[in-house]
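Colleague: I've just opened this one and I'd like some help reading it. Could you walk me through it, feature by feature?

Modeller: Happy to; let's put it on screen.

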Amino acid sequence: MGPNRLQLLLAGAAMFLLVSCGHSPQPPATVSASTAADKGQSDSASPVTGKTAFFEMYKTARTWSRDLLPLTLQSKPMPGTNIDSGNAVLWTATFASPSRRESRTFTYCAIAKPPEHYKGVSVGNSVPWGGPTADTMPFESSDVAVDSDAAFKTASADAAAWLKKHPGKEVSLALGNASQFREPVWLMLWGDRKSGYAVYVSAKTGAVVKK
């Protein structure tokens with residue numbers, strides 16, 4: 001079962017706004033690289049939940065704009081790692097600033113694999129932002145009571161029958177809001193947009209809200 005417009009929105013936002021760790025030629029100036037990165041060695045840190053990564057990026061984003069609004073949070077694939085039970089090594093978050101009329105994407109890496117990836121938060125370039133739309137609505141961080149691991153557990157139960165018939169499908173995680181929802185939702189997508197399975201879980205209550 002395919003995802004609806006929110007999944008397409010999040011995918012499009014990632015393509016347009018994402019500046020990932022892989023695009024950074026050196027550790028970002030806003031965050032110190034880890035000792036392992038300085039030595040050119042891999043860091044073996046574990047994957048983290050979405051809220052853990054989100055608040056690391058939020059703290060950095062607050063130095064860019066005090067009136068920032070969260071727009072999206074997404075897990076990203078990283079070679080040699082897996083998205084496990086709602087945890088991921090690589091996350092991106094996009095924030096908007098009404099006063100600046102700009103949005104900016106931040107990336108959080110839980111491990112260091114130089115020269116492509118450095119542990120911590122990196123900052124993408126700002127782009128013009130025209131304000132909220134029906135498909136792209138900011139959300140309050142206080143409305144995200146349910147973390148990605150709990151949402152994943154709920155979504156996995158909902159998708160159990162499909163997953164049994166389609167074992168080994170990779171999953172992607174995303175958090176966002178749109179006018180069709182009453183609160184921000186987690187999207188768990190197994191497979192691709194055309195033939196995968198999508199489950200939407202309220203980030204406020206933890207209940208499945210739309211498929």
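Colleague: Let me begin with a helix. Which elements do the buried residues of α4 pack against?

Modeller: Keep in mind that this is a predicted model. To read a helix like this, list its buried residues, then look at what they touch. In α4, the buried residues pack against α3, β2, α5 (160-165), β5, β6 and β7. The residues in question are S148, A151, F152, A155 and S156. Looking down the axis of α4, you'd find them within an arc of 135°, so they line one face of the helix.

Colleague: And which exposed residues sit on the face of α4 turned away from that buried side?

Modeller: That face carries K153 and A157, both exposed.

Colleague: Let me try α3 the same way. Which of its residues are buried?

Modeller: In α3 they are G50, A53, F54, M57, T60 and A61. They fall within an arc of 125° seen down the helix axis, so here too the buried residues line one face. Their cover includes β1 (69-76), β2, β3, β4 (120-128), α4 and β6.

Colleague: How far does α3 reach from its first C-alpha to its last?

Modeller: For that, compare the span with the one expected from the residue count. α3 has twelve residues and reaches 16 Å, close to the 16 Å expected at 1.5 Å a residue.

Colleague: Can we step back a little? How many helices and strands are there in the chain?

Modeller: Five helices and eight strands. Reading from the N terminus, the order is α-α-α-β-β-β-β-α-α-β-β-β-β. The chain has 211 residues, and buried ones make up 50% of them. Another thing to look at is how far apart in sequence the contacting residues are. Among contacts between residues at least 6 apart in sequence, 66% join residues at least 24 apart.

Colleague: On to the strands, then. Which strands does β1 pair with?

Modeller: For a strand, look for its partners and the direction they run. β1 pairs with β2 in the antiparallel sense, over seven bridges. One of the residue pairings there is K76 with L90 in β2. β1 is also joined to β5 by two bridges, again antiparallel, and L73 stands opposite L175 in β5. As for cover, seven of the eight residues of β1 are buried.

Colleague: Now the inside. Which residues touch the most other members of the largest nonpolar core?

Modeller: With a core, I'd pick out the best-connected members and then see which elements feed it. This core has 39 residues, and M57, L73, W91, F95, W186, M188 and W190 touch the most other members. Elements that each supply at least two residues include α3 (50-61), β2 (90-97), β3 (102-109) and α4 (148-158). β5 (171-176), β6 (185-190) and β7 (197-202) do so as well. There's also a second, separate core of eight residues, with F181, V185, A198 and Y200 among them.

Colleague: Take M57 from that list. What is it in contact with, leaving aside neighbours within four places in sequence?

Modeller: M57 is in contact with L73, W91, T92, A93, F95, F106, T107, Y108 and V121.

Colleague: F95 and F106 both turn up there. How do I read two rings like those?

Modeller: Check the distance between the centres and the angle between the planes. A search of the whole structure finds twelve aromatic pairs. F95 and F106 form an edge-to-face one, with 5.7 Å centre to centre and 75° between the planes. F95 lies in strand β2 and F106 in strand β3, so the pair ties together parts eleven residues apart in sequence. F95 is buried at 1% relative accessibility, and F106 is buried with a relative accessible area of 1%. Both belong to one aromatic cluster, together with F54, F55, Y58, W64 and F139.

Colleague: Last topic, the backbone. What should I look for?

Modeller: Most residues other than glycine have a negative phi, and most peptide bonds are trans. So look for departures from that. S85, in the loop between β1 and β2, has a positive phi near 55°. S85 is partly exposed, at 39% relative accessibility. R101 also has a positive phi, about 55°, and is found in the loop between β2 and β3. R101 is exposed, with a relative accessible area of 63%.

Colleague: And which residues does a cis peptide bond join?

Modeller: P114 and P115, with omega about 10°. P115 lies in the loop between β3 and β4.

Conventions
Residues numbered from 1 in each chain as written. Predicted model: local features only at pLDDT ≥ 70, side-chain atom pairs only at ≥ 80, totals over all residues. Heavy atoms only, no water. Core = buried A, V, L, I, M, F, W, Y, C linked by side-chain atoms within 4.5 Å. Buried < 20%, exposed > 50% of the residue type's maximum accessible area, 1.4 Å probe, protein only. Helix = DSSP H or I, 4+ residues; strand = E, 2+ residues; numbered from the N terminus. Contact = heavy atoms within 4.5 Å. Phe/Tyr/Trp six-rings, centres within 6.5 Å; stacked < 30°, edge-to-face > 60°. Expected span 1.5 Å × (residues − 1). Arc of directions from axis to C-beta. Pairing = 2+ DSSP bridges.
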